[in-house]
Amino acid sequence: MSIRFLTREIGSLAKPPWFVKARRGAPREDSDIEHARTWGATLAVENHEQLVEQLSAGAEIGEAELSAWAALYGLRLLEQAGLDVVYDGEQRRTEMYDHVVRHARGFEPRGTVRSFDNKYYAKAAVVEAPSLEEPYDVEEYRFVAAHTDRRVKVPFTGPYTLVDWSYDEHYGHRTALGGTEREREDARRRFLADVAEHVVRPNAAAVVEAGGDWIQIDEPALTTRPAEVPFGVEAYNTAVRGLEAIASLHVCFSDYRLLWPHVRELESCFELQLEFANRDSQELGRAGAKRPGYEPLFLFREGGPAVGLGVVDVHTDFLEPSELVRDRILYAADVLGPERIAGVNPDCGLRTRSWDVAYEKLRRLVEGTRLAEVELNDS
């Protein structure tokens, strides 16, 4: 049986400037119109001339229409780069945390805080047991599914990250200035269970009911508090239990030693999508000394889900040669066995990169993956 790795993006792309400025109510510039024109042509976005004409004329374009255009551009970028599994680059979403809490009951805004570099997010406090009035990603999924013939993977912010990035003014308020360790632990787990069961799961379940068959739970915060990794695993299991779809767990910005052995307790987890390239050298080579970023792979030789392999660094404009992507994959295949590599992807979302850089990184990712497959199938 020949080896073929699915290529995909983790979820996020930068939003087009013409979309961002419209949301902010900022005036459009000639460069914004040129972005719509150039990328519309490059990506073969159907009827993009209509959008260019509206932007050029200074026409008022409604939020729903602009969002649809942005989603179509993002989807076409991933397709034209050659990815097997696609989404829309999360064009309709504000930010991975805010996107969820603004649709959930039980949270109140508490201003913005710095996340990393010069990036900020709007932080909220939980003030009562969270729940959903109605699922909020179904139309987003339906739009993508209706505009592509490729496999679709839908990303969802995971329960642990939602809890860890929130202030707790409900579950833990009685233990904030006192209480036993057991009481604080119990409050945390109740918060996690409610978010998993009553916020993340019903939204994901609605997407699955609408036809989605691959969901991705994003948990960048999962190893923030090492003692709570088992709680995060429990919450993941609650969020995906019983869903008739493939489920992936994406964990970035993390010390993967803290995941072991807890990942053995994951239920219905097709793969762990992990970052490696931003820790790796930029030199070609398939020996361990050339591939320091992939040292954590040795942890996962002992078992657990398959690995979704991060092969391009999303924190730099460095354009990985296709041969470097190839060598990273071949090294991982040697460590794990090719059957334990579920697919190939960037380390994380590419929203901090320009479209020029993101497109070229993804194109080279696909090219390098195909090179690796040729060697593995010829060996």
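In the predicted model, helix H2 (residues 30-42) packs against helix H4 (residues 63-81) at an angle of about 40°, and the two axes lie 10 Å apart. Two packed helices are described by these two quantities, the angle between their axes and the distance between the axes. Angles under 35 degrees count as roughly parallel and those of 65 to 115 as roughly perpendicular, and H2 and H4 are therefore oblique to each other. The crossing in which H2 passes H4 is left-handed. On the side of H2 the contact is made by Ala36, Trp39, Gly40 and Thr42, while H4 contributes Tyr73, Leu77 and Gln80. The loop between H2 and helix H3 (48-56) contains Ala44, a residue other than glycine whose phi is nevertheless positive, with a value near 55°.

A second element considered here is helix H8, which comprises the 29 residues 181-209. At 1.5 Å a residue this helix should span 42 Å, and because its end C-alpha atoms are 40 Å apart, the expected and the modelled values agree. The helix nevertheless carries a kink of about 40° at Arg201, a position shortly before the proline Pro202. Just after H8, a positive phi of about 125° is found at Gly211.

The strands of a sheet pair through backbone hydrogen bonds, either parallel or antiparallel. In this model, seven strands form an open sheet with parallel pairing, and their order is E1-E12-E11-E10-E9-E8-E6. Strand E1 (6-7) and strand E6 (154-157) stand at the edges, and each has a single partner strand, so that one side of each is left without a neighbour in the sheet. Within this order, strand E11 (residues 306-310) and strand E12 (residues 341-345) are paired in the parallel sense over four bridges; Gly310, for its part, has Asn345 in E12 as its bridge partner. Helix H10 (residues 322-336) lies across both E11 and E12, and its direction makes an angle of about 160° with that of E12.

A further backbone feature occurs in the loop between strand E9 (246-251) and strand E10 (271-274), where Pro261 is placed. The peptide bond that leads from Trp260 to Pro261 is cis, with an omega near 10°.

Technical notes
Residues are numbered from 1 along each chain as its sequence is written. This is a predicted model: local features need pLDDT of at least 70, side-chain atom pairs count only at pLDDT 80 or more; totals for chains, interfaces and linings use all residues. Side-chain values use heavy atoms; hydrogens and water are left out. Helices (H or I, at least four residues) and strands (E, at least two) are DSSP runs, numbered from the N terminus. The expected span of a helix is 1.5 Å times one less than its number of residues. The bend at a residue is the angle between axes fitted to the seven residues ending there and the seven starting there. Two strands pair if DSSP finds at least two bridges between them. Contact means heavy atoms within 4.5 Å. Axes are lines fitted to C-alpha atoms, for helices over the stretch in contact, and angles run from 0 to 180 degrees between N-to-C directions. Angles under 35 degrees count as roughly parallel, over 145 as roughly antiparallel, 65 to 115 as roughly perpendicular and the rest as oblique. A crossing is left-handed if the near helix is turned anticlockwise from the far one by less than a right angle, and right-handed if clockwise.
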